[in-house]
Amino acid sequence: MKMRINKFLSLCGVASRRAADEIIRNGRIQVNGETLSEPGREVDEKDDVRIDGKRIFAPKKHKIILFHKPAGCVCSANDPQDRATVYDYLPTEYRSMKY
């Protein structure tokens, strides 16, 4: 599925869409060997997309987890005050998904 390059970079976890536009304008993104200078390019998963020469890939799957956060639970991966976080409530196979 074709999508704008800034959306692709956002899905890959490189940057937000607006920050991706700036990265593209700075000439750090190459698509199929061509350095981009404008963010309007469309790409799909078959394209060779690189940032600073390193190839990036879109994630293959998305998981959406609905969670009713109890009182006192913090929406963070880490808490310096050692309070319970949402990751403390997740099954172990989802705990490695911290971003």
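**Exercise 1. The loop residue K60**

Task: State where K60 lies, determine whether K60 is buried or exposed, and find how far K60 is from C12 in space.

Solution. K60 lies in the loop between β6 and α3. The structure is a predicted model, and the values below are computed from it. The relative accessible area of K60 is 75%. Exposed residues are those over 50%, so K60 is exposed. As for C12, the C-alpha atoms of K60 and C12 are 9.9 Å apart, although 48 residues separate the two in sequence.

**Exercise 2. The buried face of helix α2**

Task: Identify which residues of helix α2 are buried, explain why they line one face of the helix, and name elements that cover them.

Solution. Begin with the list: in helix α2, which spans residues 17-25, the buried residues are A20, D21, I23 and I24. Next, consider their directions. Viewed down the axis of α2, the buried residues fall within an arc of 165°, and therefore they line one face of the helix. Then turn to the surroundings. Among the elements covering these buried residues are α1 (5-11), β2 (29-31) and β5 (49-51). Finally, look just past the helix end, where G27 takes a positive phi of about 75°.

**Exercise 3. A buried acidic residue**

Task: For D21, establish which side chain of opposite charge is nearest and which side chain makes a polar contact with that of D21.

Solution. D21 has its place in helix α2. The nearest side chain of opposite charge is R25, at 4.8 Å. A salt bridge requires a separation within 4 Å, and D21, though buried, has no salt bridge. The side chain of D21 does make a polar contact, at 3.1 Å, with the side chain of N6. With neighbours within four places in sequence set aside, D21 is in contact with N6 and P39.

**Exercise 4. Two strand residues**

Task: Determine whether Q30 and I56 are buried or exposed, and list their contacts beyond four places in sequence.

Solution. Take Q30 first. Q30 is found in strand β2, and its relative accessibility is 18%, so it counts as buried. Leaving aside neighbours within four places in sequence, Q30 is in contact with T35, D48, V49, R50, I51, D52 and G53.

Now take I56. This residue lies in strand β6 and counts as buried at 12% relative accessibility. With the same exclusion of sequence neighbours, the contacts of I56 are F8, L9, C12, V14, V49 and I51. A further step concerns A77: I56 and A77 are 21 residues apart along the chain, and their C-alpha atoms are separated by 24 Å.

**Exercise 5. Salt bridges**

Task: State how many salt bridges the whole structure holds, describe those of E34, D48 and D79, and name the residues joined into one network.

Solution. The search of the whole structure finds 5 salt bridges. In general, side chains of opposite charge can pair when their charged atoms come close.

- E34 forms a salt bridge with R41, with the closest N and O atoms 3.1 Å apart. E34 is partly exposed at 44% relative accessibility, and R41 is partly exposed at 27%.
- D48 forms a salt bridge with R50, again with the closest N and O atoms 3.1 Å apart. D48 has a relative accessible area of 21% and is partly exposed; R50, at 29%, is partly exposed.
- D79 and R83 meet through their side chains in a salt bridge of 2.9 Å, N to O. D79 is buried, with a relative accessible area of 15%, whereas R83 counts as partly exposed at 40%.

The last step is the network: salt bridges that share partners join D48, R50 and R55.

**Exercise 6. The aromatic pair**

Task: State how many aromatic pairs the whole structure contains, describe the geometry of the pair of F67 and Y89, and explain why the pair ties together parts that are apart in sequence.

Solution. The search of the whole structure finds 1 aromatic pair. F67 and Y89 form this pair, with 5.7 Å centre to centre and 45° between the planes, and the arrangement is tilted. To place the partners, note that F67 lies in the loop between β6 (54-56) and α3 (86-89), while Y89 lies in helix α3, so the pair ties together parts that are 22 residues apart in sequence. As to accessibility, F67 is partly exposed, with a relative accessible area of 34%, and Y89 counts as partly exposed at 44%.

Methods:
Residues are numbered from 1 along each chain as its sequence is written. This is a predicted model: local features need pLDDT of at least 70, side-chain atom pairs count only at pLDDT 80 or more; totals for chains, interfaces and linings use all residues. Side-chain values use heavy atoms; hydrogens and water are left out. Buried means under 20% relative accessible area, exposed over 50%, partly exposed in between (1.4 Å probe, protein chains only). Helices (H or I, at least four residues) and strands (E, at least two) are DSSP runs, numbered from the N terminus. The arc is that of the directions from the helix axis to the C-beta atoms. Contact means heavy atoms within 4.5 Å. Rings of Phe, Tyr and Trp (its six-membered ring) pair if their centres lie within 6.5 Å; planes under 30 degrees apart count as stacked, over 60 as edge-to-face and the rest as tilted. Lys and Arg count as positive and Asp and Glu as negative; His and the chain ends are not counted. A polar contact is a pair of N or O atoms within 3.5 Å; within protein, one must be able to donate a hydrogen and the other to accept it, and residues adjacent in sequence count only if both atoms are side-chain atoms.
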